[in-house]
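The report that follows goes through a single model by topic, beginning with charged side chains and then turning to the interior, the cysteines and the surface. Please keep the sequence and the coordinates at hand while reading.

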Amino acid sequence: ENYRDEITIEDLSKASNMSQYYLMRSFKKYIGKTCTSYINDYRLNKAASMLITTEYSIMNISTECGFNNISYFNKLFKEKFNLTPKEYRRKYNEIKNNVKN
């Protein structure tokens, strides 16, 4: 619900009524990734969806998904999807156009 906002470990710790150390350790143990990795992954999936369902600029999408730094967004997106956001959008549009034809 709040993925667009800045989310700190301190915020999560307070919301869950756990110490930061215990929260981070438990999160990694039960989810399999760090809190930050989980949040970034969620944001990147939202961004990927927006790239194929909207005409918003990549800058707007990155900001809308909670990334304040476009370079960081592009770096994480490429690591996750092996494509830049621009390439991802172009590839999806090519596939969509081929299906229509």
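## Salt bridges

In this predicted model, a network of salt bridges links Lys 33, Asp 41 and Lys 80. Asp 41 takes part in both pairings: with Lys 33 the closest N and O atoms are 3.2 Å apart, and with Lys 80 the N to O distance is 2.5 Å. The pair of Asp 41 and Lys 80 links distant parts of the chain, since Asp 41 belongs to helix 3 and Lys 80 to helix 5, with their positions 39 residues apart. Both lysines of the network are partly exposed, Lys 33 having a relative accessibility of 29% and Lys 80 one of 32%.

Over the whole structure, the search finds five salt bridges. One of them joins the side chains of Glu 79 and Lys 75, at 3.1 Å from N to O. These two residues are four places apart in helix 5, so about one helical turn separates them. Lys 75 counts as partly exposed, with 48% relative accessibility.

## The nonpolar core

The largest nonpolar core has 13 residues, and the members that touch the most other members are Leu 44, Ile 61, Cys 65, Phe 67, Phe 73 and Phe 77. Helix 3 and helix 5, the latter spanning residues 70-81, each supply at least two residues of this core, and helix 3 gives the most, with five residues.

Where does Ser 62 lie? Ser 62 is in helix 4, which covers residues 58-64, and with 0% relative accessibility Ser 62 counts as buried. When residues up to four places away in sequence are not counted, Ser 62 touches Phe 67, Ile 70 and Phe 73. Two of these names, Phe 67 and Phe 73, also appear among the core members listed above.

## Cysteines without a disulfide

The structure holds zero disulfides. Why does Cys 35 not form a bond with Cys 65? The sulfur of Cys 35 has its closest cysteine sulfur in Cys 65, and because the two are 19 Å apart, they are too far from each other for a bond. Seen from the other side, Cys 65 is likewise in no disulfide, the nearest cysteine sulfur being that of Cys 35.

Both cysteines are buried: Cys 35 has a relative accessible area of 3%, while Cys 65 has a relative accessibility of 0%. Leaving aside neighbours within four places in sequence, Cys 65 is in contact with Tyr 3, Arg 4, Arg 43, Lys 46, Ala 47 and Met 50. Cys 65 is also one of the core residues that touch the most other members.

## A nonpolar patch on the surface

Which residues form a nonpolar patch on the surface? The patch is made of Tyr 30, Ile 31, Tyr 38 and Tyr 42, which together have about 450 Å² of accessible area. Helix 2, spanning residues 20-31, and helix 3, spanning residues 35-53, each supply at least two residues of this patch. Helix 3 therefore contributes both to the patch and to the largest nonpolar core.

Ile 31, which is placed in helix 2, is partly exposed, with a relative accessible area of 45%. That value is over the 30% relative accessible area required of patch residues.

Note on methods. Residues numbered from 1 in each chain as written. Predicted model: local features only at pLDDT ≥ 70, side-chain atom pairs only at ≥ 80, totals over all residues. Heavy atoms only, no water. Patch = residues over 30% accessible without salt bridge, like charges linked within 9 Å, V, L, I, M, F, W, Y side chains within 5 Å. Areas by Shrake-Rupley, 256 points an atom, 1.4 Å probe, with all protein chains shown as cover. Salt bridge = Lys/Arg side-chain N within 4 Å of Asp/Glu carboxyl O. Buried < 20%, exposed > 50% of the residue type's maximum accessible area, 1.4 Å probe, protein only. Disulfide = S-S within 2.5 Å. Contact = heavy atoms within 4.5 Å. Core = buried A, V, L, I, M, F, W, Y, C linked by side-chain atoms within 4.5 Å.
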